[in-house]
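Here is a short guided tour to read with the model open beside you. Take it at your own pace, turning the view as each part comes up.

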Amino acid sequence: MAKKLKPPILLLLLAFLFSCSNQNEEEKVHELMLKAREYNVLSNFDGVIEITKECLEIDPENAEAYFMMGNAYFNKREWKNAVVSYDNAVFYDPHYADAFFNRGKAKEQLNNHDGACDDYRKAHKLGKANVRDNHKHCF
């Protein structure tokens with residue numbers, strides 16, 4: 001006859017298994033982000049997009065992955081896709097000054113100068129250096 005696990009022991013076992021699963025996911029996300037950075041250095045922007053999408057399947061709220069994806073789209077001159085990626089980055093991290101700044105650059109490419117200035121002002125307010133000097137028309 002099999003012994004039944006007592007509820008506290010069962011809860012501890014489940015908590016341990018859950019923490020191991022989360023640790024493995026965090027490690028996987030970390031590895032994917034490193035690979036995406038390598039691809040970026042090599043100007044393999046399609047690779048960056050593919051890897052960041054894989055990362056976002058594991059961690060759909062990863063602002064850095066959205067930011068990197070936005071940068072890859074920007075480098076491919078896919079301005080609308082870049083803006084969407086930066087939108088997600090600032091949604092999940094509303095203090096991401098670089099994402100606001102880069103979204104502003106993408107909006108400028110789309111001739112959305114008012115939107116670009118709004119983003120440059122947000123980036124400046126969040127501490128992004130030299131924004132006011134380089135985009136005086138917005139201040």
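## A tour of the helices

Let us begin with a cysteine: at 0% relative accessibility, C55 counts as buried. The model you are looking at is a predicted one, and C55 is one of the buried residues of α2, together with F45, G47, V48, I49, I51, T52 and L56. Helix α2 itself covers residues 45-58. Its 14 residues should span 20 Å at 1.5 Å a residue, and because its end C-alpha atoms are 20 Å apart, the helix agrees with that expectation.

Stepping back, the protein has seven helices and zero strands, so the order from the N terminus on reads α-α-α-α-α-α-α. Of its 139 residues, 36% count as buried. Among contacts between residues at least 6 apart in sequence, 40% join residues at least 24 apart.

**The disulfide**

How many disulfides does a search of the whole structure find? The search finds one, formed by C117 and C138, with their sulfur atoms 2.0 Å apart. This pair links distant parts of the chain, 21 residues apart: C117 lies in helix α6 (residues 113-125), while C138 lies in the segment after α7 (131-134). The link of C117 and C138 is left-handed, with -60 degrees about the S-S bond.

Are the two cysteines of the link buried or exposed? C117 has 10% relative accessibility and therefore counts as buried, the cut-off being under 20%. C138 is buried as well, with a relative accessible area of 5%.

**Helix α5 and its surroundings**

Helix α5 runs over residues 97-109. For its 13 residues, 1.5 Å a residue gives an expected span of 18 Å; the end C-alpha atoms are 19 Å apart, which agrees. The buried residues here are A97, A99, F100, F101, N102, R103, G104, A106 and K107. What covers them includes α3 (63-75), α4 (79-92), α6 and α7. Just after α5, N111 takes a positive phi of about 60 degrees.

R103 is a good place to pause. This arginine sits in α5, and at 9% relative accessibility it counts as buried, because the limit is under 20%. Which residues does R103 touch, not counting residues up to four places away in sequence? They are V83, Y86, D87, V90, D119 and K122.

**How the helices pack**

Three helix pairs are set out here for comparison.

| Pair | Angle (about) | Axis separation |
|---|---|---|
| α3 and α4 | 165 degrees | 8 Å |
| α3 and α5 | 25 degrees | 11 Å |
| α5 and α6 | 160 degrees | 8 Å |

Take α3 and α4, whose packing angle is about 165 degrees. Angles over 145 degrees count as roughly antiparallel, so α3 is roughly antiparallel to α4. Helix α3 passes α4 in a left-handed crossing. On the α3 side, the contact is made by A63, Y66, F67, M69, G70, N71, Y73 and F74, and on the α4 side by W79, N81, A82, S85, Y86, N88, A89 and Y92.

Next come α3 and α5, which pack at an angle of about 25 degrees. That angle is under 35 degrees, which means α3 is roughly parallel to α5. Their crossing is left-handed. Here F67, N71 and F74 of α3 meet D98, A99, N102, K105, A106 and Q109 of α5.

Finally, how do α5 and α6 run relative to each other, roughly parallel or roughly antiparallel? Their angle is about 160 degrees, and they are therefore roughly antiparallel. Helix α5 passes α6 in a left-handed crossing. From α5, the residues taking part are A97, F100, F101, R103, G104, K105, K107 and E108. From α6, they meet H113, G115, A116, D119, Y120, K122 and A123.

R103 ties several of these threads together. It is among the α5 residues that meet α6, and D119 and K122 are among the residues that R103 touches. Both D119 and K122 also appear on the α6 side of the helix contact. Another residue that R103 touches is Y86, which takes part in the contact of α4 with α3.

Technical notes
Residues are numbered from 1 along each chain as its sequence is written. This is a predicted model: local features need pLDDT of at least 70, side-chain atom pairs count only at pLDDT 80 or more; totals for chains, interfaces and linings use all residues. Side-chain values use heavy atoms; hydrogens and water are left out. A disulfide is a pair of cysteine sulfur atoms within 2.5 Å. Helices (H or I, at least four residues) and strands (E, at least two) are DSSP runs, numbered from the N terminus. Buried means under 20% relative accessible area, exposed over 50%, partly exposed in between (1.4 Å probe, protein chains only). Contact means heavy atoms within 4.5 Å. The expected span of a helix is 1.5 Å times one less than its number of residues. Axes are lines fitted to C-alpha atoms, for helices over the stretch in contact, and angles run from 0 to 180 degrees between N-to-C directions. Angles under 35 degrees count as roughly parallel, over 145 as roughly antiparallel, 65 to 115 as roughly perpendicular and the rest as oblique. A crossing is left-handed if the near helix is turned anticlockwise from the far one by less than a right angle, and right-handed if clockwise.
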